[in-house]
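Please open the model in your viewer and keep the selection tool at hand. We will go through a few stops together.

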Amino acid sequence: MKSVEELLAIKNKIKNQVDVRREDDQRVRIVIGMATCGIAAGARPVMTAFLDELAKRNLGHVTVSQTGCIGMCKLEPIVDVYVPGEEKVTYIKMTPEKAVRVVNDHIVNKNVVTEYTIGSSEK
Amino acid sequence: MYRSHVLVCGGTGCTSSGSHQICAELEKEIKKQGLAEEVKVVMTGCFGLCALGPIMIVYPEGSFYSRVKVEDIPEIVSEHLLKGRIVSRLLYQETVQTDGSIKSLNETNFYKKQHRVALRNCGVITPENIEAYIAEDGYQALAKALTEMTPQQVIDEISASGLRGRGGAGFPTGRKWSFAAANQADQKYVCCNADEGDPGAFMDRSVLEGDPHVVLEAMAIAGYAIGASQGYIYVHAEYPIAVHRLQIAIDQAREYGLLGKGILGTDFNFDIDLRLGAGAFVCGEETALMTSIEGHRGEPRPRPPFPAVKGLFQKPTILNNVETYANVPRIILKGAAWFSSMGTEKSKGTKVFALGGKIVNTGLVEIPMGTTLREIVEDIGGGIPNGKKFKAAQTGGPSGGCIPADKIDVPIDYDNLIAIGSMMGSGGLIVMDEDNCMVDIAKFFLEFTVDESCGKCTPCRIGTRRLLELLTKVTEGKATMEDLDKMEQLCYYIKENSLCGLGQTAPNPVLSTLRYFREEYEAHIKDKSCPAGVCKKLVRYSINDNCKGCTACARKCPVGAISGAVKQKHVIDPATCIKCGVCMETCKFGAIEKK
């Protein structure tokens, strides 16, 4: 490399990839139900879709993790989104396409995708 | 994108307890479970908690698994990485709270009081990838120095920070650089002393293994400051992992144009080469080190001329320790005021210590200067195992001295340690409890210096040997009180007349133990006894009335020194006994006594 700008470009590119290792309470978390029921209902492609979309948009501050069964197996795949300072949002019956929209609308543009949430299914 | 990163310690400590096998097993299991696209395995440098190795940490949860075994890996992968259920059974138990929740590693006693500057990337990044270092502000300090600062400003910043040499002597780094900068020459050199030789010290190794680029970056900054275009790192051949990673780092830095000609588009040229030392302790002394780089036998030469005037190949040279360099990029980036806000009046910043000896958390700690020995031993180190009492701590290895229990609350910095007869040294800190004999400790260190004396000057070559003979007499109960005075005289003679730092500091362990534990020396001489029960020649084993006559000890005794009939009290023949202690380990009734 021949300039400071190139150095900064590498830094910004890699920083996103290692953000997951920083301890930080102000981080958006996506938690996917990955018990047997979740996996059977297709949680794994959903998780991959989340990871791909986050990578595409360079959202290194968002972590993706799994959790066990919460008891509503018929609504799986279930995904919880925790935005710091806001209430948890629970999305149900997720698909890879829905995952992309959750990242774009909820995480990037701060609009909860109400029609996918558990609240809307109960109505 | 990876949702989870698994960091496995690849430092020498964890490597020797099998972290490479763990890494291989981890990658195999992750592949088997189909997680290779989601979970990334990273081998890092030392985390510091070597006592708990092999160490593994899983992000984003930050779960800290300690003493991981290969057999545990399938469970960790299928439970934690696949299903998201942390295997709390295998976690470092201090991170598991009573309600079952897990606290951050930085909240544990070991890490809470630490402040990591020199070690900030160790255990955080992978040392074999330059981009990982760049992501943590790597080479930003070099960029700042080259594009925004003049060489004089770099030197002024380092001077203002109050950084002092971390190799032991504590010479102000900025002043050293300004001397070399002021001398005009067609060629100057920047050297790094990575010839860490003190028994029990391993902080330089950990920096080189965990964050090799920080040393390269700092040396380039130093080269810019003094006007040098060539650097040498003199490192032990016995540090194979460090040498390997340094070579990778140098190759990568050249490939990225961060070493070589026209760095970052400026007209600054700088390159670094490795020179491997064969492990002679004296080569850690600066003039001997340079003589060795030149290709000669590693022997010291008189100073002056100092290296800043006539150093390597007779050219102006600066020589700094690994840990000193590890602080430099942070000072350039965050400023002298930030650095000097840490520490005490005359010792700024932090210091890395290698904790060893009789302590629970053996490992590497970095603390602000001015922390007391009590905080290091009791809070960070977790105290002394088996409920024993703290007796003393040895700092500075064979060049340093001991700090007795009544000085445990002295804030540690360069000047306080000198005042109490020890020295900072490179940072080895060996903790001793009531079972350690101080005469024996002094003898241990002296044996080391006798072996390592290069032989060039007489006071060191012959003086240390005579001193060792006197010490041996003490440990065998053959010395007189006059010998004690002779020893002290000889110590001062060696200190004043030796050519280099090795001889000038070699008597320190004897002098400091004489200062604080004179009564222990006197017990050896007058009472012919070793209070700690270490010196074999003075120890007597005997059998008391607890003896049931089980004959177990008599059967185990390798020299047949124990006699006695079944169900009768046994007797040890002191003339035959070789004091191996097997009888004491064998006896179930506490009938064997050691005095």
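The tour below starts with one whole chain and then moves to selected helices. Bear in mind throughout that this is a predicted model.

**Stop one: chain A.** Select chain A and colour it by secondary structure. You should find five helices and four strands, and walking from the N terminus they come in the order α-β-α-α-β-β-β-α-α. Now turn the C-alpha trace onto its principal axes: the spans are about 60 × 25 × 25 Å. Of the 123 residues in chain A, 30% are buried. If you display contacts between residues at least 6 apart in sequence, 69% of them join residues at least 24 apart.

**Stop two: helix 8 of chain B.** Next, select residues 173-182 of chain B, which form helix 8. Is this helix mostly covered or mostly uncovered? It is mostly covered, with seven of its ten residues buried. To see them, pick B:T173, B:G174, B:K176, B:W177, B:S178, B:A180 and B:A181. Then bring up the surroundings: the cover over these buried residues includes helix 7 (151-161), helix 10 (212-226), strand 8 (317-321) and helix 13 (322-334) of chain B.

**Stop three: helices 9 and 11 of chain B.** Show residues 203-210 and 240-255 of chain B, which are helix 9 and helix 11. Their axes lie 8 Å apart and the helices pack at an angle of about 40 degrees. The crossing is left-handed. For the contact itself, select B:R205, B:L208 and B:E209 on helix 9, then B:I241, B:A242, B:R245 and B:L246 on helix 11. Colour these by class and you get four nonpolar and three charged residues, with no polar ones.

**Stop four: helices 17 and 19 of chain B.** Finally, select residues 438-452 (helix 17) and 463-475 (helix 19) of chain B. How do these two helices run relative to each other? Their axes come within 10 Å and cross at roughly 155 degrees, so helix 17 and helix 19 of chain B are roughly antiparallel. This crossing, too, is left-handed. On the helix 17 side, show B:V439, B:D440, B:A442, B:K443, B:L446, B:E447, B:T449 and B:V450. They meet B:T464, B:R465, B:L467, B:L468, B:L471, B:T472, B:V474 and B:T475 of helix 19. Sorted by class, the residues of this contact are eight nonpolar, four polar and four charged. While you look along the helices, recall that an α-helix has 3.6 residues a turn, so residues three or four places apart point the same way.

Methods
Residues are numbered from 1 along each chain as its sequence is written. Chains are lettered from A and ligands numbered from 1 in the order in which they are written. This is a predicted model: local features need pLDDT of at least 70, side-chain atom pairs count only at pLDDT 80 or more; totals for chains, interfaces and linings use all residues. A residue is buried if 20 or more other C-beta atoms lie within 10 Å of its own, exposed if 12 or fewer, and partly exposed in between; C-beta atoms are placed from the backbone. Two residues are in contact if their C-beta atoms, placed from the backbone, lie within 7 Å. Axes are lines fitted to C-alpha atoms, for helices over the stretch in contact, and angles run from 0 to 180 degrees between N-to-C directions. Angles under 35 degrees count as roughly parallel, over 145 as roughly antiparallel, 65 to 115 as roughly perpendicular and the rest as oblique. A crossing is left-handed if the near helix is turned anticlockwise from the far one by less than a right angle, and right-handed if clockwise. Ala, Val, Leu, Ile, Met, Phe, Trp, Tyr, Cys and Pro count as nonpolar, Asp, Glu, Lys and Arg as charged, and the others, Gly among them, as polar.
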